[in-house]
Amino acid sequence: MKHKCQLAAVVLLIFFVFITGCQERVPSNPKVALVLPLTGVLAPWGKACEQAVRLQLEGEKHFQLLVFDNRADPEETKRIFTLIVHKPDIVAAIGPLKCVCLQSALPIIREEPLPTISPGCFQDFIKESKGWAIPLLSELEEIKAIADFLNKRHLSWALFYENNGWGQSLSQLLQSMVKASPSVSYMLHTADISTLRPQLQEVKPKAIVIFLSPAKASLLALQIKKIGLNSYILGPYCFLDSQFYAVLAPIADKVLITTPQLSSKQATFEKEFIKHYYTNPSWIATCAYAAMDAILKAPRFSRKAIKKDFKKRLSLRFNLLPVAKSQD
């Protein structure tokens, strides 16, 4: 009996050693590589993505960022990924932006593998990379977050939107999803609403939805507050912008934006929406922001754990959060 107990103990010890030996080591100082175009014609997009990742990491001490300029060049991208996949303390990568660059790096990513999210490539690389590149957006999901907020609270509301196809399509979609019609609705050419002041003071909407560029939206929001309205100000994820945050910091508790997170829910691939998405660096940085959020939510900061978690996240979903909380 004694020998059987000793044998069982040895077997358990060997099993424990085997299991612990198979577990991937979690680096003491995990790093995330940003592979982005920081020079050349795509530099504004790359810098916006870097800014978005740093915004997500404010107050986060677990990660160090390693930033690489791939110049939007496939060969340079391939060289960078060849370098970073062999550094075990780099647990994930965000980038590149161009599909041709991502395609050049995919064989290297698969070989190691290194969990990677491309914030700018919207071709179907998900099947090729087994879920390691996750760039899908859903316009409907974003607008639903705003509509649900208005419907559940039965709020009177006003609507201001950009004089372009993007602003018009979002405003039409929102109006079709909200039970009550907006008390005020205007397509704006500028951010000046001084002529609308009497009407806004009369109807006193409880919420104001803005579909404008971040710069125009911040100016509009300040005018709304100067009028004396204590309205909620609701806007899309493109307001993840440093200028917008800086201007609206004093009233951040009443400003809610559709903050993105990567989700397991399937999204519809909307090519028309993507065309507008590419025209502004603030919008393309949204996926970079959500990518860093997904990395932070992994159960362990190791490649295997992050990759496994990435496979559950197929698209962006949106939570309507106050500006102050969306930075936490």
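This section describes the overall make-up of the predicted model, then one helix pair, selected buried residues and several loops.

The protein contains 13 helices and 10 strands. It has 328 residues, and 54% of them count as buried. The exposed area is about 15,500 Å². Carbon and sulfur atoms supply 57% of that area. Contacts were also examined by sequence separation. Among those between residues at least 6 apart in sequence, 75% join residues at least 24 apart.

No disulfides are present; the count is 0. Two cysteines were examined for burial. Cys-49 has 0% relative accessibility and therefore counts as buried. Cys-101 also counts as buried, at 0% relative accessibility. Cys-101 is in addition one of the α4 residues that meet helix α3.

The packing of α3 and α4 was analysed in detail. Helix α3 spans residues 74-84, and helix α4 spans residues 99-111. Two packed helices are described by the angle between their axes and the distance between the axes. For α3 and α4, the angle is about 30° and the axes lie 8 Å apart. Angles under 35 degrees count as roughly parallel, so α3 and α4 are roughly parallel to each other. Their crossing is right-handed. On the α3 side, the residues in contact are Pro-74, Thr-77, Lys-78, Phe-81 and Thr-82. On the α4 side, they are Val-100, Cys-101, Ser-104, Ala-105, Ile-108 and Ile-109.

Leu-106 also belongs to helix α4. Its relative accessible area is 2%, so Leu-106 is buried. The C-alpha atoms of Leu-106 and Lys-78 are 8.8 Å apart in space. In sequence, these two residues are 28 apart. Lys-78 itself is among the α3 residues that meet α4.

Two acidic residues in helices are buried. Glu-50 is found in helix α2, which covers residues 43-56. The relative accessible area of Glu-50 is 18%. Buried means under 20%, so Glu-50 falls in the buried class. Beyond its neighbours within four places in sequence, Glu-50 is in contact with three leucines, Leu-34, Leu-36 and Leu-38. Val-67 is also in contact with Glu-50. Strand β2 runs over residues 64-69.

Asp-293 is the second case. This residue is found in helix α11, residues 281-296. At 9% relative accessibility, Asp-293 counts as buried. Its C-alpha atom is separated from that of Val-53 by 8.5 Å. Along the chain, Asp-293 and Val-53 are 240 residues apart.

Backbone geometry was then examined in the loops. Most residues other than glycine have a negative phi, and most peptide bonds are trans. The loop between β2 and α3 holds two residues with positive phi. Arg-71 lies in this loop, and its phi is near 55°. Ala-72 is found there as well, with a positive phi of about 60°. Neither Arg-71 nor Ala-72 is a glycine. Their accessibility classes were also assigned. Arg-71 is partly exposed, with a relative accessible area of 46%. Ala-72 is buried, at 16%.

A cis peptide bond occurs in another loop. The bond from Gly-95 to Pro-96 is cis, with omega near -10°. Pro-96 is found in the loop between β3 and α4, with β3 covering residues 90-94.

A further loop connects β6 and α7. Strand β6 spans residues 184-188, and helix α7 spans residues 197-203. Asp-192 lies in this loop. Its relative accessible area is 49%, so Asp-192 is classed as partly exposed; the exposed class begins over 50%. The C-alpha atoms of Asp-192 and Lys-216 are separated by 8.9 Å. These two residues are 24 apart along the chain.

Leu-196 is placed in the loop between β6 and α7 too. At 10% relative accessibility, Leu-196 counts as buried. Leaving aside neighbours within four places in sequence, Leu-196 is in contact with Phe-160 and Tyr-186. Leu-196 and Tyr-186 are 10 residues apart in sequence. Their C-alpha atoms are 9.5 Å apart in space. Within this loop, then, Asp-192 is partly exposed, whereas Leu-196 is buried.

Key: Residues numbered from 1 in each chain as written. Predicted model: local features only at pLDDT ≥ 70, side-chain atom pairs only at ≥ 80, totals over all residues. Heavy atoms only, no water. Disulfide = S-S within 2.5 Å. Buried < 20%, exposed > 50% of the residue type's maximum accessible area, 1.4 Å probe, protein only. Helix = DSSP H or I, 4+ residues; strand = E, 2+ residues; numbered from the N terminus. Contact = heavy atoms within 4.5 Å. Areas by Shrake-Rupley, 256 points an atom, 1.4 Å probe, with all protein chains shown as cover. Axes fitted to C-alpha atoms, helices over the stretch in contact; angles between N-to-C directions. Parallel < 35°, antiparallel > 145°, perpendicular 65-115°, else oblique. Left-handed = near helix turned anticlockwise from the far one by under 90°.
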